[in-house]
Amino acid sequence: MNRRFCHVSMLLATGLGLTSFAYAQPVVEQIDRFELNYSTMRIRFYGEAAVDFAQKGFEGAEKVATEEGLVYALSALAKVRAQKGLSEEASAALATELTRTAYVFNTTYFTDGRVRVELDSSLPKAMDLGFNEFAGEDPAAQPSEGSAVVVQISGLKTPLLQTEIRSTDGELLYSPKDIAKSAYKKQMTGRWFFKNSGELKSYIGGKPVEIDAVAEGDKTLIVTKESWTKLKTEHPRLLEEAKLAFVIPGPARGQRSSN
């Protein structure tokens, strides 16, 4: 496990929730201990243990909780993938890779003797869809002046994990086969954001290119062929990089963004 940093905090509380409020926040889905962040393309989970600090010390306590979290991820990822409609066949190998690359980003010690270690890893790695046909290993088209493609979506309130873009007459215009493999492994077909969120503004840069889309079914977005042809002609690099920001309306202030 790669450990980049650990922030330690002492709380006079009896519990800690991972779900944050959605107003101007990332698009996040909570499934049991897993937090799927579609704006950063990261997945977080935690391990928790009651430890005798006098015997184990702080480092020993963190190790016990970390190991508990990794064991949890190894056993529970298949259930999460099944809930998202993904194949469970590859879940064991993906869970192993997920835990191998996870790192500790926060540790909390509670006054009742519990310690919780929160871990972070790659969402595309965990939710791998099994695609093996891509545009190439790395983006090949020349960069344009555009900084990102902003897809304004109507008819959708939650992100789509399996995302295709089609024309109004059903022609497939965009899928993983149009994306460089290196880019897809980092952010799949694109990232998801609530409208007007700070995360969106940070991601799209100074020269975003906008296009309108309508959601259809559980994985398809519909655009006009004319608008997509223009986008593909002028900004092919952004499409190869999957530099797409799928924008959905944010829930009302105070409403939680995850299930």
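Strands E2 and E3 (residues 34-37) pair in the antiparallel sense over four bridges. This is a predicted model, and the description below covers the hairpin, one helix, two buried polar residues and a pocket.

**The E2-E3 hairpin**

Two residues separate E2 from E3, and the two strands form a hairpin. In the turn, Asp32 has a positive phi of about 55 degrees. The residues of E2 (residues 28-31) alternate in direction: Val28 and Gln30 point one way, Glu29 and Ile31 the other way. Residues on both sides of E2 are buried, Glu29 and Gln30 among them. Across the pairing, Gln30 stands opposite Glu35 in E3.

**Helix H2**

Which residues of H2 are buried? In this helix, which spans residues 91-100, they are Ser91, Leu94, Ala95, Leu98 and Thr99. Seen down the helix axis, these buried residues fall within an arc of 130 degrees, so they line one face of H2. An α-helix has 3.6 residues a turn, so residues three or four places apart point the same way. The face of H2 turned away from the buried side carries Ala92 and Ala93, which are exposed.

**Two buried polar residues**

Arg116 lies in strand E6 (residues 114-122). Is Arg116 buried or exposed? Its relative accessible area is 6%, and the cut-off for buried is under 20%, so Arg116 counts as buried. The side chain of Arg116 is joined to that of Glu48 by a polar contact of 2.8 Å.

Ser197 is found in a loop, between strand E10 (191-194) and helix H5 (198-204). With a relative accessibility of 1%, Ser197 also counts as buried. What does the side chain of Ser197 reach? The partner is the backbone oxygen of Phe194, at 3.0 Å.

The two contacts are set out below.

| Side chain | Partner | Distance |
|---|---|---|
| Arg116 | Glu48 side chain | 2.8 Å |
| Ser197 | Phe194 backbone oxygen | 3.0 Å |

**The second largest pocket**

The volume of the second largest pocket is about 160 Å³. It is lined by 14 residues, and those closest to its centre are Leu129, Phe131, Glu164, Ser175 and Pro176. How does the lining divide by residue type? Five of its residues are nonpolar, five are polar and four are charged.

Definitions and conventions. Residues are numbered from 1 along each chain as its sequence is written. This is a predicted model: local features need pLDDT of at least 70, side-chain atom pairs count only at pLDDT 80 or more; totals for chains, interfaces and linings use all residues. Side-chain values use heavy atoms; hydrogens and water are left out. Buried means under 20% relative accessible area, exposed over 50%, partly exposed in between (1.4 Å probe, protein chains only). The arc is that of the directions from the helix axis to the C-beta atoms. A polar contact is a pair of N or O atoms within 3.5 Å; within protein, one must be able to donate a hydrogen and the other to accept it, and residues adjacent in sequence count only if both atoms are side-chain atoms. On a 1 Å grid over the protein atoms alone, a cavity is a set of points where a 1.4 Å probe fits but cannot get out, and a pocket is an open set with protein on both sides within 12 Å along at least five of seven lines; lining residues have an atom within 4 Å of a point. Grid points are joined across faces, edges and corners, and a volume is the space filled by probe spheres set on the points. Ala, Val, Leu, Ile, Met, Phe, Trp, Tyr, Cys and Pro count as nonpolar, Asp, Glu, Lys and Arg as charged, and the others, Gly among them, as polar. Two strands pair if DSSP finds at least two bridges between them.
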